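Student: Could you take a close look with me at one part of this model, and then show how the rest of the chain sits around that part? I'd like to go residue by residue where possible.

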Amino acid sequence: MKVNMKQISEMTGVSTATVSNALNYKRGVNADTAARVLKAAQELGYFDEARISKLRFVTFKRNGSVVEDTPFFPLMLTGIEQECRENGMELVMSSLDIREMDYEDQVRNLLNDKSSAIIMLGTEMMAEDTRLLEGITNPFVVVDYWNREMSFNSVQINNEDSVAKATAYLIARGHTRIGYLRGDFRIEPFRGRGRGYRSAMRGAGIPIREEYTLTLGTTMDSACSDMKACLERGVGLPTAFIADNDMIALGAMKAMTEGGIRVPEDVSLIGFDDLPFAAVASTPLTTLYVPKQEMGKIAARRLLEVIRGDTVTTKVHVSTTFVERDSVRTLRE
């Protein structure tokens with residue numbers, strides 16, 4: 001006989017209305033109560049094979065150089081965890097690693113897990129990586145990735161406009177020789193940031209000098225090493241750089257400082273992300289703050305809406321906040 005909400009109510013001692021709200025992940029149900037209801041429902045066999053019982057956070061890895069060893073993504077995960085806890089939903093974590101021999105089996109196993117709704121961290125994804133996911137029927141949201149051919153719900157940072165605004169900030173402070181520190185792994189968020197830099201320069205009628213675009217590694221150590229190599233080659237330096245993210249900016253700052261180049265007296269510098277250690281660097285870094293925890297919450301809320309039957313595909317842009325610190329100098333005649 002099919003298990004009903006009355007039986008779950010009797011087992012847990014809560015009303016059928018509360019049982020219904022908990023099973024549909026609605027707000028307003030105490031987290032402990034919701035967890036108790038879901039546990040009872042599972043024990044009684046209430047969920048059929050297609051019923052969503054957990055949220056799975058999947059980290060996609062192409063080489064790991066951006067998503068590993070950075071505090072950015074754990075902070076985002078904290079927001080997802082909070083939203084799951086408030087809605088009495090179990091959170092599990094896994095990864096898809098394209099470097100591993102059984103990668104396609106990993107994808108198939110993910111697609112066959114009909115008990116999970118999925119948030120995928122797509123920072124390192126390329127367009128071809130979405131093809132294996134096209135047949136997914138689970139409620140699904142991609143975070144920090146999007147392309148024009150994608151039909152998935154997504155939550156992403158407003159990369160292009162954010163960097164355009166940062167470039168305009170430098171121009172307003174008298175900088176015309178502005179360079180770009182680009183990560184050597186060209187993930188989609190970095191491409192958007194590069195477009196923002198170029199559009200702001202062109203919009204201001206300032207020529208983009210290719211010798212001021214330096215390609216650096218995406219970890220702090222590799223960025224520092226690559227910047228040192230650039231300085232040893234005697235590259236000409238602009239009066240300011242915008243970097244793809246804080247890790248690159250701080251690695252470059254370390255290399256310049258060790259090479260006798262002062263930030264901001266000789267070269268101004270702007271990062272992206274506002275990682276916790278940006279504020280305590282040798283020169284506190286001017287950067288673009290991304291609301292990481294709120295971004296995780298938005299992704300989880302969107303996924304819960306899809307679970308409840310919302311069929312509209314959305315692309316959510318999360319705006320950044322410009323954070324002024326000490327790494328930018330105003331130029332004067």
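Tutor: Happily: I'll start with one helix pair and the loop that follows, then move on to other sites in the chain.

A word on the ground rules first. This is a predicted model, in which local features need pLDDT of at least 70, side-chain atom pairs count only at pLDDT 80 or more, and totals for chains, interfaces and linings use all residues. Residues are numbered from 1 along each chain as its sequence is written, and side-chain values use heavy atoms, with hydrogens and water left out.

The part to zoom in on is the pair formed by helix α8, residues 220-232, and helix α9, residues 246-258. (Helices are DSSP runs of H or I with at least four residues, strands are runs of E with at least two, and both are numbered from the N terminus.) The axes of α8 and α9 come within 7 Å and cross at roughly 45°; each axis is a line fitted to C-alpha atoms over the stretch in contact, with angles running from 0 to 180 degrees between N-to-C directions. The two helices are therefore oblique to each other, the class left over once angles under 35 degrees are called roughly parallel, over 145 roughly antiparallel and 65 to 115 roughly perpendicular. The crossing of α8 and α9 is right-handed, meaning that the near helix is turned clockwise from the far one by less than a right angle, where anticlockwise would be left-handed.

Now for the side chains and backbone that meet there. From α8 come M220, A223, C224, M227, K228 and L231, while α9 supplies M247, I248, L250, G251, A252, K254, A255, M256 and E258; contact here means heavy atoms within 4.5 Å. These residues divide into 11 nonpolar, 1 polar and 3 charged. (Ala, Val, Leu, Ile, Met, Phe, Trp, Tyr, Cys and Pro count as nonpolar, Asp, Glu, Lys and Arg as charged, and the others, Gly among them, as polar.)

Follow the chain out of α9 and you reach the loop that leads to β9 (268-270), where P264 is found. V263 and P264 are joined by a cis peptide bond, with omega about 10°. Beyond β9, the loop to β10 (287-289) holds D273. D273 is not a glycine, yet its phi is positive, about 125°. With a relative accessible area of 7%, D273 is buried; that label applies under 20%, with exposed over 50% and partly exposed in between, using a 1.4 Å probe and protein chains only. For context, most residues other than glycine have a negative phi, and most peptide bonds are trans.

D144 also has a positive phi, near 65°, and is a residue other than glycine. D144 lies in the loop between β4 (140-143) and β5 (153-157), and at 5% relative accessibility D144 counts as buried. In strand β4 itself you will find V142, which is buried at 1% relative accessibility. Leaving aside residues up to four places away in sequence, V142 touches M120, G122, M125, F152, N153, S154 and V155. The C-alpha atoms of V142 and I119 are separated by 5.8 Å, although the two residues are 23 apart along the chain.

Two other helix pairs are worth setting beside α8 and α9. Helix α4 (residues 72-86) and helix α10 (residues 292-307) pack at about 45° with their axes 7 Å apart, and their crossing is right-handed. The contact joins F72, L75, M76, T78, G79, I80, Q82 and E83 of α4 to K292, Q293, M295, G296, K297, A300, R301 and L304 of α10, giving 7 nonpolar, 5 polar and 4 charged residues. Helix α6 (residues 159-172) packs on helix α7 (residues 188-203) at about 40°, again with axes 7 Å apart. That makes α6 oblique to α7, and the crossing is right-handed.

Stepping back, the protein has 10 helices and 12 strands, and its C-alpha trace spans about 80 × 40 × 35 Å along the principal axes. Of the 333 residues, 53% count as buried. Among contacts with a separation of 6 or more, 72% join residues 24 or more positions apart.
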